[in-house]
Amino acid sequence: MLKINELKASVEEASILKGLSLTINPGEVHAIMGPNGSGKSTLASVLAGREEYEIEGGSVDFDGADLLEMDATERARAGLFLAFQYPVEIPGVSNINFMRAAVNGKREHEGREPIKGKAFLDMVKEKAQLVELDGRLRNRSVNEGFSGGEKKRNEIFQMAMLEPKFAILDETDSGLDIDALRIVSEGVNAMRSPERSFLVITHYQRLLDYIVPDFVHVLVDGRIVRSGGKDLAFELEEKGYDWIKEDIVA
Amino acid sequence: MAYDGKDKVLEEVTGKSYEFGFTTEIESEKAPAGLSEDIIRFISAKKEEPEWLLQWRLEAFAVWQTMEEPNWPHLNYEKPNYQAISYYAAPKQKKQLNSMDEVDPELRRTMDKLGISLEEQKRLSGVAVDFVMDSVSVATSFKDKLAELGIIFCSMSEAVKEHPELVRKHLGTVVPTRDNFFSALNSAVFTDGSFCYIPKGVRCPMELSTYFRINESGTGQFERTLVVADEGSYVSYLEGCTAPQRDENQLHAAVVELVALDEAEIKYSTVQNWYPGDENGKGGVYNFVTKRGICHRRSKISWTQVETGSAVTWKYPSCILKGDHSVGEFYSVAVTNNAQQADTGTKMIHLGKNTHSTIISKGISAGNSHNSYRGLVQIMSSAANARNFSQCDSLLMTNTSGAHTFPYVEVKNPTAQVEHEATTSKIGEDQIFYCLQRGIDAEQAISLIVNGYAKEVLNQLPMEFAVEAQKLLSISLEGSVG
């Protein structure tokens with residue numbers, strides 16, 4: 001599915017990712033944890049194709065294609081989805097119209113006709129149930145005036161609409177209360193399948209109680225310094241990141 | 001006494017057809033370049049106008065000669081050489097056409113570019129179209145249907161012939177000839193335009209629509225539009241413009257006058273897409289337009305404009321809220337790209353009691369363009385309890401474009417409530433990236449964001465027009481991310 005090899009990236013001449021390697025197979029859920037400034041969100045942005053980041057080395061293979069050669073739109077259409085840490089507001093553009101443009105973009109890429117009105121609305125209804133996104137939020141402008149929890153639910157709704165092969169959740173748990181966290185997680189879990197992979201970026205072990213990962217990686221200073229099963233997350237929660245850092249030095 | 005005598009003379013000559021003819025070597029359907037009394041006489045004779053109108057034109061010309069082109073707008077352009085312009089050109093087709101099938105294919109192609117074919121318009125039927133191609137109307141439709149209701153919708157030249165009393169009563173009452181440099185010029189040389197009259201208590205059942213088009217190279221366009229809504233009537237009027245590519249600057253100085261009598265309502269919508277010139281602004285249209293409406297008691301005038309074209313735009317659709325409880329509205333989206341410059345806005349003059357006005361202006365600047373909002377809200381001492389709300393937003397697409405706001409507020413009555421809000425923002429890279437990440441390409445992303453930004457204004461347009469306007473916004477901003 002995704003094979004990252006020795007990826008190096010910088011922003012404004014500051015080197016952030018310093019040779020990161022990670023392989024994610026179909027159906028797997030990987031969690032990336034790490035202290036602030038370790039490069040977690042940079043990894044998400046680089047994979048999604050944000051242009052402010054300079055790729056300085058390494059490669060990323062996505063389903064047999066060179067991901068780094070594709071622009072952001074092509075990556076999305078090829079099935080890469082990023083649930084944003086801070087979802088963006090687009091005033092005057094209804095959530096529904098936004099999604100229709102996105103769905104049709106993907107269909108165009110697949111050589112299919114634009115989706116019919118009725119089929120689209122049925123799809124919206126079905127997917128919105130997944131994250132309990134009511135009609136009011138569907139028709140409002142994209143994320144405008146949404147609460148923190150509503151924005152995150154909207155991200156998962158969009159993910160469900162686009163049915164990606166590979167989804168990155170960038171600190172989706174930040175700013176969520178316990179109920180919203182449950183709703184969002186249930187939405188994600190409902191979408192787990194043998195063909196779909198996830199990269200869950202988080203600060204806290206808490207999210208991983210709901211979305212149980214197959215693998216946990218610890219990112220420190222732009223490199224993965226430790227990988228393990230879901231127990232690694234508990235260990236981190238208990239001992240903190242300093243334990244790992246000391247470990248590296250030692 | 002002197003006036004009486006003058007009127008008598010006027011009456012005498014008005015009755016007769018114009019005797020003096022125009023005797024110089026002008027044989028073609030295009031006047032030679034330059035402006036003089038002779039040229040004005042030529043235009044008037046060509047159009048077989050009554051003497052009073054010729055005199056009106058000549059007076060306007062005399063006034064114009066004493067006036068100076070305004071320097072106050074935030075615009076930088078080479079002032080046109082008014083003696084190098086030809087002030088009259090008749091189209092190649094001479095006769096009025098009986099059906100749409102007879103319309104020039106070239107004209108049809110222009111319409112197609114705007115996304116609405118003639119056939120479609122006929123089929124949609126809500127729209128009656130009066131084409132103005134190089135100054136003379138070439139096709140008019142739905143006239144019979146409108147006539148049943150007593151609605152007059154025709155070219156200005158026809159109105160001068162068929163309804164001289166109405167034209168004479170209202171022409172120049174809202175925009176006097178001496179109002180400004182361009183209105184004086186227009187009054188002297190206008191060649192055609194549209195006239196519309198809605199009788200008392202009649203609600204016009206369809207959108208009245210006029211498409212303007214500059215066709216012949218080097219010909220200035222001086223359209224004159226007059227819309228009169230009699231007591232308790234309603235009309236929605238649409239005006240759309242497009243011009244083919246040109247190599248030299250083209251001057252466009254139109255005048256639009258709206259008269260809303262007691263309890264009448266006029267909705268006037270414009271989609272303006274004159275040729276903006278190449279990337280450096282070369283060859284674009286200069287658009288100097290005077291648009292103004294007068295509102296009598298409990299009447300309402302609503303201006304909606306989507307401005308995407310022209311190299312230079314100078315335009316302030318305004319309302320004089322003369323009658324008590326009258327309402328004025330101005331909704332505007334102005335897009336400038338490349339080297340385009342726009343100085344546009346509105347004037348709301350509150351004279352009557354309990355008068356209300358609303359101004360929503362959305363500027364979008366791309367490329368190296370400059371976009372200025374200039375608005376005046378004037379509450380006179382007679383206007384007790386007047387209210388105004390203004391919102392002026394600017395969106396910058398690039399770091400090299402400019403947005404400017406010049407709001408003027410004059411309040412002479414202490415009971416007035418005036419609110420003004422303004423924002424300036426740069427199109428968000430975060431917003432664009434968000435769209436890209438969802439599989440929406442860059443052009444479409446910008447189109448979505450910009451249309452969302454302009455939604456409040458686009459919502460004011462009639463449905464078919466709104467769709468066209470959205471397309472236009474997207475086309476105007478193609479390749480403008482930066």
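This passage looks at one sheet in chain A and at the overall build of chain B. The structure is a predicted model, in which local features need pLDDT of at least 70, side-chain atom pairs count only at pLDDT 80 or more, and totals for chains, interfaces and linings use all residues. Residues are numbered from 1 along each chain as its sequence is written, while chains are lettered from A and ligands numbered from 1 in the order in which they are written.

As for confidence, the predictor gives the complex an ipTM of 0.95 and a pTM of 0.79.

In chain A, 6 strands (DSSP runs of E, at least two residues, numbered from the N terminus) make up an open sheet with mixed pairing, in the order β6-β9-β10-β3-β11-β12. Pairing here takes at least two DSSP bridges between two strands. β6 (80–83) and β12 (223–228) of chain A each have a single partner strand, so one side of each has no neighbour in the sheet. From one strand to the next, the twist averages 20°, with axes being lines fitted to C-alpha atoms and angles running from 0 to 180 degrees between N-to-C directions. β11 (residues 215–220) of chain A runs antiparallel to β12(A), with 5 bridges between them, and A:V218 sits opposite A:R226 in β12(A).

Chain B has 13 helices and 21 strands, helices being DSSP runs of H or I with at least four residues. Of its 482 residues, 54% are buried, that is, with 20 or more other C-beta atoms (placed from the backbone) within 10 Å of their own. Mean pLDDT (the predictor's confidence in each residue, from 0 to 100) is 80 for chain B, and 77% of its residues reach 70 or more.

Note on methods
A residue is buried if 20 or more other C-beta atoms lie within 10 Å of its own, exposed if 12 or fewer, and partly exposed in between; C-beta atoms are placed from the backbone.
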